[in-house]
Amino acid sequence: MADSDIRSYTFGTLVTAMVTPFTSDGEVDYRQSAELASKLVDDGNDALVISGTTGETSTLEDDEKEKLFRVIVEAVGDRAKVIAGTGTNHTSHSIEMAKRAAKAGAHGQLIVTPYYNKPTQAGILTHFRLVADATDLPVILYDIPGRTGVEIKYETILRLAKHPNILAVKDAKGDFSEVSRVLNQTDLMYFSGDDANVLPHLAIGASGLIGVTANIAAAPYRTIVDAVNRGDLATATAAHQRLEPLVRATMTHVPGTVAAKYILHGLGRIGSPRVRLPLVGPEEWEAAAIEDELALVREVAGADFSNFRPDRNAAAGGALPKVHGTTR
């Protein structure tokens, strides 16, 4: 099997960064998480990222993450790859989460660039290498400077590509010329990490996507990926254009997690749209803007809004998880 085939088999091409369903009081709903994961795989996903940005990793406790990994592996691990979001801005903590993900049965890990402390490229290189060394899990680097404050520079990516466990990059930087340079000089897989740019990424050689909007409608992304792979740009472009208002509804007015949960709840796919503080549900004007965009969605497989029933009251505000030993 060629290296490119091995890498495609490792992660697939259509990957959803899955939301983490909560109960109305902000606790992780593990049963519903398993049900949502199963539906996403039924809809064409090859893999799921669990406890990534969209899964509210920054407000999940470590024990919650490990249990989520285990629950999702049990639910879909024989049908799709489970990729654990293990990255933090603390190298030893990331190593610990990588080990816990491996113990839970995850098939790979997504490691974000350390955020807030703004390390140098030497620090980024050392961080990724040490976390990748900690287990045998294949690694996707997550390059998203808009959230982390630092990018993984081209030269650093080339050096990281030599690590045997580092196989891919999730690109939310949008520097297409750099993507092309790296693809020309390494065997790394590239995943589009920006829902609006999936087709352009695929057109220059990306392997697939790790998307947010795919929580709501995965099938059209399957259409885009498969069409590009067989050289049918017209079909891919038509699907891309039909998805545009749904992507805009999900990704432009509030954080993608908030909008995705609001929409999924309105479709009856999750029991609560609740997010954890400091995230809050959409305000009235934000909810109205999301709904206006959804009214423009036409002929998108899996996204029938004729029975959409949004609940702005259920989505309002945010939640704090229960913390043992306190009053909440």
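This passage describes the strand arrangement, two helix packings and an aromatic pair in a predicted model.

The strands of the model form a closed arrangement. Eight strands close into a barrel, following the order β1-β2-β3-β4-β5-β6-β7-β8, and their pairing is parallel. Between neighbouring strands of this sheet, the average turn is 25° when direction is ignored. One of the pairings joins strand β6, which spans residues 166-171, to strand β7, which spans residues 189-192. These two strands run in the parallel sense and are linked over four bridges. Within this pairing, Ala168 stands opposite Met189 of β7.

Strand β7 also takes part in an aromatic contact. Two aromatic pairs are counted in the model. In one of these, Phe11 and Phe191 meet edge-to-face, with a centre-to-centre distance of 6.2 Å and an angle of 85° between the planes. Phe11 belongs to helix α1 (residues 3-11) and Phe191 to strand β7, so the pair ties together parts of the chain that are 180 residues apart in sequence.

Two helix packings were examined. Helix α4 (residues 91-104) packs with helix α5 (residues 121-133) at an angle of about 25°, and their axes are 9 Å apart. Angles under 35 degrees count as roughly parallel, and α4 and α5 are therefore roughly parallel to each other. The crossing of α4 past α5 is right-handed. On the α4 side, the contact is made by Thr91, Ser94, Ile95 and Ala98, while α5 contributes His127, Leu130 and Val131. The residues of this contact of α4 with α5 comprise four nonpolar and three polar, with no charged residue.

The second packing involves helix α10 (residues 219-229) and helix α11 (residues 233-251), which meet at an angle of about 150° with their axes 9 Å apart. Angles over 145 degrees count as roughly antiparallel, and α10 and α11 are therefore roughly antiparallel to each other. Here the crossing, in which α10 passes α11, is left-handed. From α10, the residues making the contact are Pro220, Tyr221, Thr223, Ile224, Ala227 and Val228. Their counterparts from α11 are Thr235, Ala236, Ala239, His240, Leu243 and Val247. In the contact of α10 with α11, nine residues are nonpolar and three are polar, and no charged residue is present.

Note on methods: Residues are numbered from 1 along each chain as its sequence is written. This is a predicted model: local features need pLDDT of at least 70, side-chain atom pairs count only at pLDDT 80 or more; totals for chains, interfaces and linings use all residues. Side-chain values use heavy atoms; hydrogens and water are left out. Axes are lines fitted to C-alpha atoms, for helices over the stretch in contact, and angles run from 0 to 180 degrees between N-to-C directions. Angles under 35 degrees count as roughly parallel, over 145 as roughly antiparallel, 65 to 115 as roughly perpendicular and the rest as oblique. A crossing is left-handed if the near helix is turned anticlockwise from the far one by less than a right angle, and right-handed if clockwise. Contact means heavy atoms within 4.5 Å. Ala, Val, Leu, Ile, Met, Phe, Trp, Tyr, Cys and Pro count as nonpolar, Asp, Glu, Lys and Arg as charged, and the others, Gly among them, as polar. Two strands pair if DSSP finds at least two bridges between them. Rings of Phe, Tyr and Trp (its six-membered ring) pair if their centres lie within 6.5 Å; planes under 30 degrees apart count as stacked, over 60 as edge-to-face and the rest as tilted.
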